[in-house]
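Colleague: I've just opened this one and could use a guided look at a single part of it. Could you walk me through that part slowly, then show me how the rest fits around it?

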Amino acid sequence: MEDLTPELLHWITCAIEWCGIAIIVGGLLFGTARFVPTVLSRQTTEHAFRRYRADVGRGILLGLEFLVAADIIATVAIEPSLESLAILAGIVAIRTFLSLSLEVEVSGRWPWQQPSAEVRERQSNK
């Protein structure tokens, strides 16, 4: 049974990684499918381009979350060592920086800032 557990965890990790990759590719395809009609109709606007970037960015963000989860499982459950923990810390730091950068790019604000519509709504309810 003990020999089965690391192999099972390896397969689970691989499945989560493939889900992350599929989500990234799916986000790219979804964004492109929404953007191509505006290009073909020659009505490409700044709004359409921003929506395309946001769609692709959201797919990348969600896919990165899956990839980080797979790395955590692989490091903590399969190969728990100080070296693998240090590698995981580096990977998580890089992916967190990428996620933060993409979030700012997609939403136009820092993740801890409230959307301006929320602030206006709260101020009008006072």
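How many residues does helix 3 have, and how far does it reach from its first C-alpha to its last?

Modeller: Keep in mind that you're looking at a predicted model. Helix 3 runs over residues 82–107, which makes 26 residues. From its first C-alpha to its last, helix 3 reaches 37 Å, close to the 38 Å you'd expect at 1.5 Å a residue. Just after helix 3 comes G108, which takes a positive phi of about 80°.

Here's where helix 3 sits in the chain. There are four helices and zero strands, so to speak an α-α-α-α pattern if you read along the sequence. The chain has 126 residues, and 21% of them count as buried. Helix 3 has some of its own: S84, L88, R95, S99 and L102 are buried there. When you look at where those residues fall, one thing about helices is handy: an α-helix has 3.6 residues a turn, so residues three or four places apart point the same way. As for what covers the buried residues of helix 3, the cover includes helix 2.

Let's look at that cover from the other side, starting with T75, which is found in helix 2. T75 has a relative accessible area of 12%, so it counts as buried, the cut-off being under 20%. Leave aside its neighbours within four places in sequence, and T75 is in contact with P80, S84, L85 and L88. Two of those names should ring a bell: S84 and L88 are among the buried residues of helix 3. T75 also has a partner in its own stretch of chain, as a polar atom of its side chain lies 2.9 Å from the backbone oxygen of D71.

Now go to S101, which has its place in helix 3. At 33% relative accessibility, S101 counts as partly exposed. Find G57 in the sequence and you'll see that it is 44 residues away from S101, yet the two C-alphas are 9.8 Å apart in space. You can do the same with V106 and R51: 55 residues apart in sequence, 8.6 Å from C-alpha to C-alpha. Those two pairs go with a wider count for the chain: among contacts between residues at least 6 apart in sequence, 67% join residues at least 24 apart.

R51 is a handy stepping stone to the next part of the picture. R51 is found in helix 2, and with a relative accessible area of 28% it is partly exposed. Not counting residues up to four places away in sequence, R51 touches R34 and T38. D55 is in helix 2 too, but at 7% relative accessibility it counts as buried. Its contacts, again leaving aside neighbours within four places in sequence, are G27, F30, G31 and R34. So R34 turns up for D55 as well as for R51.

There are rings to look at here, too. A search of the whole structure finds two aromatic pairs. In one of them, F35 and Y52 have ring centres 4.7 Å apart and planes at 20°, so that pair is stacked. This pair links distant parts of the chain, with F35 in helix 1 (residues 4–40) and Y52 in helix 2 (residues 46–78), 17 residues apart. Ring pairs also bring in F49, linking F35, F49 and Y52 into a cluster. F35 itself counts as buried, at 14% relative accessibility.

Between helix 1 and helix 2 there's a loop, and T44 is found in it. T44 is partly exposed, with a relative accessible area of 42%. Beyond residues up to four places away in sequence, T44 touches F35, T38 and V39.

Last, how far should you trust what you see? The mean pLDDT of the chain is 81, with 85% of its residues at 70 or more. Confidence is highest in helix 1, at a mean of 89, and lowest in helix 4 (residues 116–124), at 64. Where pLDDT is low, the predicted coordinates should not be read in detail.

Terms used:
Residues numbered from 1 in each chain as written. Heavy atoms only, no water. Phe/Tyr/Trp six-rings, centres within 6.5 Å; stacked < 30°, edge-to-face > 60°. Helix = DSSP H or I, 4+ residues; strand = E, 2+ residues; numbered from the N terminus. Buried < 20%, exposed > 50% of the residue type's maximum accessible area, 1.4 Å probe, protein only. Expected span 1.5 Å × (residues − 1). Contact = heavy atoms within 4.5 Å. Polar contact = N/O pair within 3.5 Å; in protein donor to acceptor, adjacent residues only side chain to side chain. pLDDT = per-residue confidence, 0-100.
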